[in-house]
Structures are given as C-alpha cells and as structure tokens.
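Visitor: I am new to this structure and would like its labels explained. Please show it first.

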Amino acid sequence: MIFANIEYLFLLLLLIPYIIWYFMRQKRMEPSMQVSTTRMYMNAPKSWKIYLLHAPFLLRIVTFVMIVLVLARPQTTDNWQNTEIEGIDIMLAVDVSTSMLAEDLKPNRIEAAKQVASEFINGRPNDNIGLSIFAGEAFTQCPLTVDHGVLLNLFRNVSCDMVQQGMIDDGTALGMGLANAVSRLKDSKAKSKVIILLTDGVNNMGDISPQTAAEIAKKFGIRVYTIGVGTNGTAPYPMPTYAGVQYVQIPVELDEKTMTQIAGTTNGNYFRATSNSKLKEVYKEIDKLEKTRLNVKEFSKREEAFAPFALVAFLCLLLEILLRNTVLKKIP
C-alpha cells in the first residue's frame with residue numbers, strides 16, 4: 001500500500017503537543033480533598049467507570065489518525081508481473097450444409113461439431129478465435145476475438161436452418177469457406193495463424209477452388225488443419241416429407257484427397273472423425289500441436305483504499321460521543 005498525498009502524514013506530529021496538553025490539563029482539573037490519612041480508602045472497590053475515563057481520549061486520537069490517513073489517500077500498489085502464456089490466432093471454418101444434419105454423429109454432425117469446438121474454445125482462453133461458416137456460400141459469423149463468451153453465443157446460433165430456409169445456397173464451397181477464413185487472418189500480426197476447416201462433403205460450389213485458397217493461406221503463413229466428418233459407408237439422414245420426418249441412408253462422400261492436399265500445402269494435418277469421440281480426439285491433437293509461448297507483462301491498476309480507515313474514524317467518533325453523553329457524562 002502507498003499514499004498518494006503522503007505529506008498529510010506530517011499532521012500526525014500534532015498528536016505530540018495534544019497528548020502533553022491532555023495530561024497536564026487532567027492534573028489541573030482533577031478534584032481533590034484533604035484528609036488526614038487515605039488508609040481507610042485502600043480497600044475501597046473501584047468503579048468500572050474509572051477504567052473508561054481515558055477512553056474518549058484514546059478514541060479521539062484513533063479518529064484523528066484515521067482522518068489523516070484518509071487525507072493521505074492510501075492506495076493499493078500497482079503490480080507488474082512478467083508471465084508466460086500460450087496464445088495464437090485461430091479461425092474455425094465450419095460446414096453448415098444440409099448434409100451436416102446426418103446422424104452418424106450424435107445428435108447429428110453439426111451439433112457434435114459445435115459441442116466439441118466449444119470445448120476447444122473454452123480450453124484456449126488466451127487465443128484470438130473467430131468463426132466462419134459455409135455451405136454453397138461463405139461468410140463470417142464472428143471475427144477474431146478474445147471475448148469467447150460472445151463467440152460461444154454466436155456459435156450456439158449456428159445451424160443448417162439458413163440453408164433449409166433458402167437464406168444461402170446449399171452445397172459445399174470448400175474453397176470459399178477457406179478463403180473467407182484466410183481473409184480474417186491475413187492481416188494478423190500473430191506469430192502463429194491457424195485455420196481449422198471442418199466439412200462432411202466434396203467441393204461442389206464456389207468461385208475459388210480449394211487448392212487456390214490453400215495457396216493463398218500458405219502465402220500469408222497460415223496453417224490449415226482439415227477435418228473430415230462422417231462415418232464410413234452410409235449415414236442416417238432425416239428427410240422431411242408430407243408424412244413427417246423419414247430417415248434415409250445417404251452415402252458418406254468425403255474428398256479426403258483434396259482435404260489432405262489443403263493441409264499439406266499449408267504445413268497442416270488432415271484428420272478423419274468418424275464418431276463423437278474421434279472428433280474430440282482430433283481437437284485434442286490440434287490443441288497439442290498449436291502452442292505458442294508469449295511473454296506478457298501484466299499490470300494491475302491502483303485502487304483507492306481509504307474506505308476502511310474512514311469507517312474506523314466514523315465508528316470511533318460515534319463511540320466517543322456515546323460515552324461522553326451516557327456513562328461518562330459529567331455533572332456541571
């Protein structure tokens with residue numbers, strides 16, 4: 001603790017003449033009675049009030065000291081601390097095409113991807129993380145941010161509904177999804193820039209090919225990890241009909257060759273997630289691979305700390321007034 005106005009502490013010197021004056025005054029004011037001997041009073045009991053005679057004096061001194069300390073403005077000290085943290089810039093590019101409603105992952109591919117990615121985000125508190133989504137088109141759901149609460153809220157609203165409602169075209173524009181994520185990272189000053197591209201399909205839409213987008217990512221020093229979601233063979237898919245939702249088996253089509261090429265071009269890795277547990281393992285593996293240590297100088301701001309002293313001064317003053325007007329009240 002430090003004092004912003006430390007010169008006020010010199011006021012404490014005033015206590016010295018006050019204490020001397022108090023005791024000299026007490027000697028002059030004490031009543032006296034001349035008797036031949038005081039032996040008869042030796043065993044006389046003392047009243048408990050005798051022990052409180054100087055209490056107002058002590059309370060007044062404490063009050064004065066506390067007021068001086070308040071005037072001196074006590075403050076908590078600023079704290080500088082060098083720490084080492086791990087942090088990088090990450091863009092998540094997630095496929096929201098209608099095929100992500102297939103239920104080979106539980107409850108379906110899109111919800112499983114959201115759940116595991118949210119756990120990944122919660123485990124990276126020092127990272128700038130953003131979210132890009134794509135189907136036949138691509139756009140940014142959330143730019144890079146360290147406010148992961150906002151990011152997670154936006155992530156929870158991600159679904160395939162916008163495709164089903166015709167807000168964006170259905171399909172899988174891998175190149176567009178990757179290029180959109182690259183556009184958010186290209187100006188980043190971070191030493192490590194990463195894109196995690198998750199899809200369950202084959203590139204069949206968009207004006208930019210996946211290979212071209214991968215070359216652009218490489219140019220900006222961005223590493224891309226690709227994740228192919230879906231079991232082997234076929235997967236149950238909820239097909240809406242006039243009679244209600246009917247489940248049909250759809251083939252799982254993943255362009256693993258293109259996904260591997262994207263990862264290889266950018267010095268990343270390709271992963272295949274055939275179940276919820278496999279998807280968690282993929283994100284854990286990426287979490288292990290992407291660790292960048294940063295030296296950070298943390299600073300804690302000074303705060304005013306006069307409140308306890310002011311409270312003590314008020315209570316002492318109040319107690320003195322009560323004593324003087326009750327048990328220690330003098331009769332003129």
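Guide: What follows takes a few labels and sets each against its definition.

Guide: This is a predicted model, where local features need pLDDT of at least 70, side-chain atom pairs count only at pLDDT 80 or more, and totals for chains, interfaces and linings use all residues. Residues are numbered from 1 along each chain as its sequence is written, and side-chain values use heavy atoms, with hydrogens and water left out.

Visitor: Why is Phe-314 called exposed?

Guide: Exposed means over 50% relative accessible area, buried under 20%, and partly exposed in between (1.4 Å probe, protein chains only). Phe-314 has 51% relative accessibility, so Phe-314 counts as exposed.

Visitor: What makes Glu-320 and Arg-60 a salt bridge?

Guide: The term requires a side-chain nitrogen of Lys or Arg within 4 Å of a carboxyl oxygen of Asp or Glu. For Glu-320 and Arg-60 the N to O distance is 2.8 Å, so the pair is a salt bridge. The two residues are 260 apart in the chain, Glu-320 in helix H10 and Arg-60 in helix H2 (residues 55–71); helices are DSSP runs of H or I with at least four residues, strands runs of E with at least two, numbered from the N terminus.

Visitor: Are these partners buried or partly exposed?

Guide: Glu-320 has a relative accessible area of 7%, so Glu-320 is buried. Arg-60, with 25%, is partly exposed.

Visitor: How do you know that strands E7 and E8 pair?

Guide: Two strands pair if DSSP finds at least two bridges between them. Strand E7 (residues 193–199) and strand E8 (residues 222–229) have seven bridges in the parallel sense, so they pair.
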